[in-house]
Amino acid sequence: MGASYHQFCPVAKAMELLDERWTLLVVRELVSGSERFNDLRRGLPRMSPTLLSRRLHQLVRAGVVERRVDGADVRYVPTAAGRELRPVLEALGAWGVRWIGELGDAELDPKLLLWDMHRHVDHDAVPPGRTVVRFRFRDVPAAQRDWWLVIAAGEADVCDIDPGHDVTVTVTADLRALVQVWMGDLGWAAALRGGAVEVSGPEALRRAAPGWFTLSPFAAVPRP
């Protein structure tokens with residue numbers, strides 16, 4: 001727990017645990033389905049492993065998360081208390097969409113974008129077999145420019161090195177434009193028409209590719 005506010009108010013008591021840096025983002029990843037340490041790190045790419053371990057320990061000790069061990073496999077699973085935080089996070093995110101200003105360049109992260117997108121693949125819309133979507137971001141450093149999303153058997157995985165499979169389609173985009181598409185601020189059609197996003201590959205697959213992804217859960221939040 002963080003430092004006490006020395007107030008009996010339930011909001012103050014809750015925030016003694018939740019307002020420490022990164023804590024609510026760890027919970028965000030947990031309620032979004034990430035259970036293993038490495039998956040949590042992929043959803044929190046700028047958080048140090050040491051701090052992540054500390055926050056998980058605090059959440060376990062507070063009864064918000066359960067640590068389950070099966071041999072070498074360790075998973076972190078939200079308890080009933082942790083699952084009750086989902087609507088709190090959804091409300092915070094919706095408020096942020098409505099009232100927080102435009103994103104700065106430093107807040108645009110291709111790793112986080114692809115990690116979010118891989119959880120929102122419409123597997124019923126993707127062609128049968130293995131589908132590989134290559135993403136190339138024109139405006140980021142070379143080390144972060146190329147990514148691959150491998151979709152097969154109802155699962156999706158993000159790769160930052162070439163997995164060696166045939167590419168189904170390639171999405172070439174400005175990072176900000178694809179974040180705007182993901183967040184619902186820019187439609188796929190407008191992004192493609194304006195050239196901020198391009199999809200290359202066989203025509204039928206190229207036209208279908210935008211439908212393989214649903215948008216961020218916050219895309220439907222009305223803007224002021």
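1. A word on terms before we start: a helix axis here is a line fitted to the C-alpha atoms over the stretch in contact, and angles run from 0 to 180 degrees between N-to-C directions. With that in hand, take helices H2 and H4 (residues 49-61) in this predicted model: their axes come within 10 Å and cross at roughly 75°. Angles of 65 to 115 degrees count as roughly perpendicular, so H2 is roughly perpendicular to H4. On the H2 side the meeting residues are Thr23, Val26, Val27 and Leu30, and H4 brings Leu52, Arg55, Leu56 and Leu59.

2. H2 has another partner to look at, helix H6 (residues 86-99). The axes of H2 and H6 come within 10 Å and cross at roughly 115°, which makes H2 roughly perpendicular to H6. The crossing of this pair is left-handed. Here Leu24, Val27, Arg28 and Val31 of H2 meet Arg86, Leu89 and Leu92 of H6. Do look at Val27 when you turn the model: it appears in the list for H4 and again in the list for H6. As a reminder for reading such lists, an α-helix has 3.6 residues a turn, so residues three or four places apart point the same way.

3. Just before H2 sits a residue you may like to inspect. Glu20 lies in the loop between helix H1 (10-18) and helix H2 (23-31). Is Glu20 buried or exposed? Neither label fits: buried means under 20% relative accessible area and exposed over 50%, so Glu20, at 23%, counts as partly exposed. Its side chain makes a polar contact with the side chain of Gln58, at 3.3 Å. For a sense of scale, the C-alpha atoms of Glu20 and Trp147 are separated by 32 Å, with their places 127 residues apart along the chain.

4. Now to the sheet. Five strands form an open sheet with mixed pairing, in the order E5-E4-E3-E6-E7. Strand E5 (155-159) and strand E7 (197-200) are at the edges, each pairing on one side only. From one strand to the next, the twist averages 20°. Strand E4 (residues 146-152) and E5 run antiparallel and are joined by five bridges. Within this pair, Ala152 stands opposite Glu155 of E5.

5. Strand E4 also holds Asp146, and I would spend a moment there. At 15% relative accessibility, Asp146 is under the 20% cut-off and therefore counts as buried. Which side chains make polar contacts with the side chain of Asp146? One is that of Arg134, at 3.3 Å, and another is that of Arg136, at 2.7 Å. Leaving aside neighbours within four places in sequence, Asp146 is in contact with Arg134, Phe135, Arg136 and Asp160.

6. Last, helix H8 (residues 175-183). H8 lies across strand E3 (131-137), strand E6 (169-173) and E7, and runs at about 130° to E3. Which residues of H8 are buried? They are Leu175, Ala177, Leu178, Val179, Val181 and Trp182. The cover over these buried residues includes helix H7 (110-118) and helix H9 (188-194), along with E3, E6 and E7. After H8 comes Gly184, with a positive phi near 85°.

Conventions
Residues numbered from 1 in each chain as written. Predicted model: local features only at pLDDT ≥ 70, side-chain atom pairs only at ≥ 80, totals over all residues. Heavy atoms only, no water. Pairing = 2+ DSSP bridges. Helix = DSSP H or I, 4+ residues; strand = E, 2+ residues; numbered from the N terminus. Contact = heavy atoms within 4.5 Å. Buried < 20%, exposed > 50% of the residue type's maximum accessible area, 1.4 Å probe, protein only. Polar contact = N/O pair within 3.5 Å; in protein donor to acceptor, adjacent residues only side chain to side chain. Parallel < 35°, antiparallel > 145°, perpendicular 65-115°, else oblique. Left-handed = near helix turned anticlockwise from the far one by under 90°.
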